[in-house]
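Trainee: Hi, do you have a few minutes to go through this one with me? I'd like to poke at some individual residues and then look at how the pieces fit together.

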Amino acid sequence: MQIQSFSTHNSTDSKSNILEAKIIVSKFSNMDITRLLSDELLLMVLSKLPDSQIKPNYLVCKRWNNLQGRLVRSLKVLDWNFVQSGRLSIRFPNLTHVDLINACLVSPRNSGIWLSHGKFSMRLDPRFSSNWRVLEEHLLSVEMVDKGLKTLASGCPNLRKLVVIGASEMGLLSVAEECSTLQELHLHRCNENVLCGITAFRNLQILKLVGSVDGLYHSLVSDIGLTILAQGCKRLVRLELSGCEGSFDGIKAIGQCCQMLEELTLCDHRMDDGWVAALSYCENLKTLRIVSCNRIDPNPGPDKYLGSCPALERLHMENCRLGDKMGVRAMFRVCDTVRELVIHNCWGLENDHFSLASACRRVKLLSLEGCSLLTAEGLEAVFLSWNELQNLRVVSCKNVKDGEVSPALWTLFSTLKELKWRPDTKSLIGQHIHLEQL
């Protein structure tokens, strides 16, 4: 009887415990247990999630949506009202990188004409004029851009990178006043008046200036603007000038004042003759890129004024016209210390022009691609004069034939550390070889 009584009592307690457990589980199932976590702790958890799960987290609840916004550091804005109203800084208070290019464009919604060019992507009004500056008709007013920049700067003081088009000096000054840590600035449709505002950014290290873009808009940056830039931005490490004018004086001012400059890119330049000689004033320049330029320098002047860039290690020329022999000769002479030479998809580079690269005797890496006028004979004349060549890449140079490669050149190939020889689809090698592993 005692055993039966104990068994009955034990059974009753077990049912009671199960019922109590179900009640507890029921309560927790209707409750958001993440409320037990502080915002700081939940942010740490959310920050560890992979990128593929970031967007779904916005949909969980309002709190998660707000917290996830605090984790966003980089944003491309499409709606200018989102900036000007202040909602951008409220929604994403910790932004460090902001791209405002497409938000500065007024795009008609019902148009069937779509424009895409580099960073720009928008619809065009079917009635746009044929003045070959179609983008100028679809830009926000300077006053609106400046007002939005002021709102953005006051709400996001930790900005490190800003990309904008159509701003004025006053708009940039408001950003410089609030965002003291800004290090990278991209200015599209920039003119010389705007450059006065750039000098207020004391910690600016990376700068991209886009003056004119054929078919989209026109804006002037000349020696005056380059001199203002040089005197006000002495801590620059990387500089890109796209669609900018100028001459020897402007490049010289940059070289003399921006002594920390290590990388210079010239894209679609409109420089006057003789500008190449000014590169020798960039004493600490390590990388020089010439991109999409219709000419180098047809009249660089006497050799005694060219000089040399003592610290230069890399010369990249891409999508350029290299038909002017004097300009190519001057460029190789000024860049005679380079260790890495890259020439991709450049027109007009004949054997005579390429033979001038013999002046660059310290080249260790050479990459040629899309240079259809070069032949095996032209390559051999340069390769055999380089004693330090270690890495070679020749791709899509259709006039370079395996049958024309001399034994001396094949012997040179065997001494390289890395070789990619694929001048055309019929090449016998046609593969990427790490020779030091053979």
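Trainee: Which residues does Ser247 contact, leaving aside its neighbours within four places in sequence?
Mentor: Ser247 is in contact with Asp223, Met271, Asp272 and Trp275 once those neighbours are left aside. Keep in mind that this is a predicted model.

Trainee: Okay. Which of its partners has a side chain in polar contact with the side chain of Ser247?
Mentor: That is Asp223, and the polar contact between the two side chains is 2.3 Å.

Trainee: And where in the chain is Ser247 found, and is it buried or exposed?
Mentor: Ser247 is in the loop between strand S9 (245-246) and helix H11 (248-257). It counts as buried because its relative accessibility is 11%, and the cut-off for buried is under 20%.

Trainee: There's another serine I marked, Ser358. Where is its place?
Mentor: Ser358 is in the loop between helix H13 (351-354) and strand S15 (365-369). Ser358 is buried too, with a relative accessible area of 18%.

Trainee: What lies 2.9 Å from a polar atom of its side chain?
Mentor: The backbone oxygen of Ser355 lies 2.9 Å from a polar atom of the Ser358 side chain. Beyond four places in sequence, Ser358 is in contact with Ala381, Val382, Ser385 and Trp386.

Trainee: Switching to strands. How many bridges join S13 to S14, and do they run parallel or antiparallel?
Mentor: Five bridges join strand S13 (residues 314-318) to S14, and the two run parallel. One opposite pair is Arg314 with Glu340 in S14. Between them the chain goes from S13 through H12 to S14, a β-α-β crossover that is right-handed.

Trainee: What about the pairing of S14 with S15, how many bridges are there?
Mentor: Five bridges join S14 to S15, and those run parallel as well. In that pairing, Ile343 has Leu368 in S15 as its bridge partner.

Trainee: Why would you call S14 largely enclosed by the rest of the structure?
Mentor: Because four of the five residues of S14 (residues 340-344) are buried.

Trainee: I noticed a histidine in S13. What does His316 touch?
Mentor: Not counting residues up to four places away in sequence, His316 touches Leu288, Arg289, Ile290, Glu340 and Val342. The side chains of His316 and Glu340 are joined by a polar contact of 2.7 Å. His316 is buried, with a relative accessible area of 10%.

Trainee: How far is His316 from Ser367, in sequence and in space?
Mentor: They are 51 residues apart in sequence and 9.3 Å apart in space, C-alpha to C-alpha. On the scale of the chain, 65% of contacts between residues at least 6 apart in sequence join residues at least 24 apart.

Trainee: Let's talk about the core. How many residues are in the largest nonpolar one?
Mentor: The largest nonpolar core has 119 residues, and those with the most contacts inside it are Leu100, Met331, Ile343, Phe354 and Phe383. Helix H12 (residues 325-334) gives the largest share of this core, five residues. As background, nonpolar side chains tend to be buried together in soluble globular proteins.

Trainee: Which contacts does Phe383 make beyond four places in sequence?
Mentor: Phe383 is in contact with Phe354, Leu366, Leu389, Leu392, Leu409 and Leu412. Two residues in that list, Leu409 and Leu412, are also among the buried residues of helix H15 (residues 407-414), together with Phe413. These buried residues are on the same side of H15 because they cover an arc of only 105 degrees around the axis.

Trainee: So which residues are exposed on the other side of H15?
Mentor: Pro407 and Ser414 are exposed there. The buried residues of H15 pack against helix H14 (376-383), strand S16 (391-395) and strand S17 (418-422).

Trainee: One last topic, backbone angles. What is the phi of Asn345?
Mentor: Asn345 has a positive phi of about 50 degrees although it is not a glycine. Most residues other than glycine have a negative phi. Asn345 lies in the loop between S14 and H13, and at 33% relative accessibility it counts as partly exposed.

Trainee: And what about Ser396, what is its phi?
Mentor: Ser396 has a positive phi of about 55 degrees, and it is not a glycine either. Ser396 lies in the loop between S16 and H15 and is partly exposed, with a relative accessible area of 43%.

Conventions: Residues are numbered from 1 along each chain as its sequence is written. This is a predicted model: local features need pLDDT of at least 70, side-chain atom pairs count only at pLDDT 80 or more; totals for chains, interfaces and linings use all residues. Side-chain values use heavy atoms; hydrogens and water are left out. A nonpolar core is a set of buried Ala, Val, Leu, Ile, Met, Phe, Trp, Tyr and Cys residues joined through side-chain atoms within 4.5 Å. Buried means under 20% relative accessible area, exposed over 50%, partly exposed in between (1.4 Å probe, protein chains only). Contact means heavy atoms within 4.5 Å. The arc is that of the directions from the helix axis to the C-beta atoms. A polar contact is a pair of N or O atoms within 3.5 Å; within protein, one must be able to donate a hydrogen and the other to accept it, and residues adjacent in sequence count only if both atoms are side-chain atoms. Two strands pair if DSSP finds at least two bridges between them. A crossover is right-handed if, with the strands pointing away from the viewer, the path from the first strand over the helix to the second runs clockwise.
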